[in-house]
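Colleague: Could you take me through one part of this protein in detail? I'd like to see how a single helix sits among the others.

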Amino acid sequence: MRDEESAKRLARAVASDISIYNEASIVKGIENDDLFESLADQIEEGRTHYNEKVPPEIQAKNYYNRALVDILLKNKAHVKSRIW
């Protein structure tokens, strides 16, 4: 995978998979303000998969981290939390 658009799509797909398979944990993590700690294993597994497919110069652009925030947090803005 050599282009940035493909890397962005992969990052969003991995983050979407995390979201789909961990919905209850995401809601609980947002409510308890420990989302990234509670999903650390799944996030790192996804990061490993992403990094295997994307060259380091594109990894450095943080598309994976941005996708996590967009999909795991922004899409759950309706969840009550003390962080917002």
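Modeller: Happy to! One term before we start: two residues are in contact when their heavy atoms lie within 4.5 Å. Bear in mind, too, that this is a predicted model.

Let's look at helix α6, which covers residues 63-73. Its buried residues are Y63, Y64, A67, L68, I71, L72 and L73, where buried means under 20% relative accessible area. These buried residues pack against α1, α2 (23-32), α3 (35-38), α4 and α5 (56-59).

In soluble globular proteins, nonpolar side chains tend to be buried together. Here, the largest nonpolar core holds 22 residues. Those with the most contacts inside this core are I18, L35, L39, Y50, Y64, L68 and L72. Two or more residues of the core come from each of α1, α2, α4 and α6, and α6 gives the largest share, seven residues.

L72 makes a good place to zoom in. Setting aside neighbours within four places in sequence, L72 touches A15, I18, S19, I26, I30, L35, L39 and A67.

From I18 you can step across to another feature, as I18 is also one of the residues lining the largest pocket. That pocket encloses about 150 Å³ of space. Along with I18, its lining consists of V14, D17, Y21, N22, Q42, E45, G46 and H49. Both α1 (4-21) and α4 (40-53) supply at least two lining residues. By class, the lining has three nonpolar, four polar and two charged residues.

Methods. Residues numbered from 1 in each chain as written. Predicted model: local features only at pLDDT ≥ 70, side-chain atom pairs only at ≥ 80, totals over all residues. Heavy atoms only, no water. 1 Å grid on protein atoms, 1.4 Å probe; cavity = no way out; pocket = protein on both sides within 12 Å on 5 of 7 lines; lining within 4 Å. Points joined across faces, edges and corners; volume = space filled by probe spheres on them. Helix = DSSP H or I, 4+ residues; strand = E, 2+ residues; numbered from the N terminus. Nonpolar A, V, L, I, M, F, W, Y, C, P; charged D, E, K, R; others polar. Buried < 20%, exposed > 50% of the residue type's maximum accessible area, 1.4 Å probe, protein only. Core = buried A, V, L, I, M, F, W, Y, C linked by side-chain atoms within 4.5 Å.
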